[in-house]
Amino acid sequence: MKVEYINAFIKASTEVLNNFVTDKFSVGKPYVRTNPFPTREIVIILGITGDIKGQAVFSLTEEMAKAIASGMMMGMPVNEIDEMAKSALSELGNMIMGNSATLLFNQGAQIDITPPSLVKGNSIEISSAGMETICVPLVSGMGEVEFDIGIKK
């Protein structure tokens, strides 16, 4: 997996997240995932097609999801992950991946993204068969978002 590709995803994710929260996100130490891997309670999944094929998975706790959704809704309190919060979080995935697509296009790689799927629950496990998956922890004082980038080999 090309480092330039991962860097585009990282740059897009931190820029977009930092537009909506007061406690800014930084990048933790990336690592390679083994399959299958566990997630947190809220998972946003987007497919990647085009020159790069794979998927992007954002995994976060319900509390972190509420805080980010609140920031996306101009500070409106979010007490539960209802349809409005789910829509905001799905749009977050679209925004990050849209920005990633622009950065990658500027590097000569053209991608498209699928509509996001949001999954909520306990004991969720992702299996990315045939993909090398890099987990990039996005860390803030509020907590952490795990950003998993799976690219087909």
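**Exercise 1.** In this predicted model, decide whether R33 counts as buried or exposed, and then work out which residues surround R33.

*Solution.* The relative accessibility of R33 is 12%, and since buried means under 20% relative accessible area, R33 counts as buried. The next step is to place the residue in the chain: R33 lies in the loop that runs between β2 (31–32) and β3 (37–38). Setting aside residues up to four places away in sequence, R33 touches P38, T133, C135, E146 and D148. For one of these, E146, there is also a polar contact of 2.9 Å between its side chain and that of R33.

**Exercise 2.** Take T133, one of the residues that R33 touches, and determine in which strand T133 lies and whether it is buried or exposed.

*Solution.* T133 belongs to strand β9, which covers residues 131–140. Its relative accessible area is 2%, and therefore T133 is buried. Apart from neighbours within four places in sequence, T133 is in contact with Y31, V32, R33, F37, S128, D148, I149 and G150.

**Exercise 3.** Describe how helix α1 packs with helix α3, giving the angle at which their axes cross, the handedness of the crossing and the residues that meet.

*Solution.* The axes of α1 (residues 3–18) and α3 (residues 83–106) come within 8 Å and cross at roughly 135°, which means that α1 is oblique to α3. The crossing is right-handed. From α1, the residues Y5, A8, F9, K11, A12, S13, V16 and L17 meet L92, M95, I96, M97, N99, S100, L103 and L104 of α3. Sorted by class, this contact has 12 nonpolar, 3 polar and 1 charged residues.

Definitions and conventions:
Residues numbered from 1 in each chain as written. Predicted model: local features only at pLDDT ≥ 70, side-chain atom pairs only at ≥ 80, totals over all residues. Heavy atoms only, no water. Axes fitted to C-alpha atoms, helices over the stretch in contact; angles between N-to-C directions. Helix = DSSP H or I, 4+ residues; strand = E, 2+ residues; numbered from the N terminus. Parallel < 35°, antiparallel > 145°, perpendicular 65-115°, else oblique. Left-handed = near helix turned anticlockwise from the far one by under 90°. Contact = heavy atoms within 4.5 Å. Nonpolar A, V, L, I, M, F, W, Y, C, P; charged D, E, K, R; others polar. Buried < 20%, exposed > 50% of the residue type's maximum accessible area, 1.4 Å probe, protein only. Polar contact = N/O pair within 3.5 Å; in protein donor to acceptor, adjacent residues only side chain to side chain.
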